[in-house]
Amino acid sequence: MNKKIVLFDGVCNFCNYWVNFIIDRDNKNLFLFSSLQSKAGQELLKRFNLPTDEFDTFILVDGDTYLTKSDAVISIARCLRGFPKALVLGKILPKFLRDLFYELIAKNRYKIFGRKESCRIPTVEEKSKFLE
């Protein structure tokens, strides 16, 4: 499978916004999605020896490798059509600075954007893009 898998916090409104954003701009159909809390998400976390109870970052799985935080965002943006490619310019900033900004948003995402009571349920049209 040549698909890249985006793992996200399934109850986070902000994370769900970005999943929709990626789906809308993924004209090459490169991405699959799974919440970090789901069975597939938990299995991928275990596969890479990542914590299974921390849901504060997007994780991009690409084959046998993974990226987190700002590196994941930049790698995803590189694959999308349109203006999101501008996020690739963030690569000129030092990683610690990019990740500091990322962590500030991640730490406050529920306070600012709210959260759902349960994980996102894909629509019928989206179902093929989600791992269970």
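**Packing of helix H3 and the lining of the largest pocket**

In this predicted model, the buried residues of helix H3 pack against a wide set of partners: the strands E1 (4–8), E2 (31–35), E3 (59–62) and E4 (65–68), together with the helices H1 and H4. H3 is mostly covered, with eight of its eleven residues buried. These buried positions are Ser70, Asp71, Ala72, Ile74, Ser75, Ile76, Ala77 and Cys79.

H3 also takes part in the largest pocket, which has a volume of about 600 Å³. Lining this pocket are 26 residues, and those closest to its centre are Ser70, Val73, Phe101, Tyr102 and Ile105. Ser70 thus appears twice in the account, as one of the buried residues of H3 and as one of the residues closest to the pocket centre. Helices H1 (13–25), H3 (69–79) and H4 (95–113) each contribute at least two residues to the lining. The most comes from H4, which provides seven residues. Sorted by class, the lining comprises 20 nonpolar residues, alongside three polar and three charged ones.

A look at one residue of H4 rounds off the picture. Lysine 111 belongs to this helix. Is lysine 111 buried or exposed? Its relative accessible area is 69%, and because the cut-off for an exposed residue is over 50%, lysine 111 counts as exposed. With respect to glycine 10, lysine 111 is 101 residues away in sequence, while the C-alpha atoms of the two residues are 16 Å apart in space.

Key:
Residues numbered from 1 in each chain as written. Predicted model: local features only at pLDDT ≥ 70, side-chain atom pairs only at ≥ 80, totals over all residues. Heavy atoms only, no water. 1 Å grid on protein atoms, 1.4 Å probe; cavity = no way out; pocket = protein on both sides within 12 Å on 5 of 7 lines; lining within 4 Å. Points joined across faces, edges and corners; volume = space filled by probe spheres on them. Helix = DSSP H or I, 4+ residues; strand = E, 2+ residues; numbered from the N terminus. Nonpolar A, V, L, I, M, F, W, Y, C, P; charged D, E, K, R; others polar. Buried < 20%, exposed > 50% of the residue type's maximum accessible area, 1.4 Å probe, protein only. Contact = heavy atoms within 4.5 Å.
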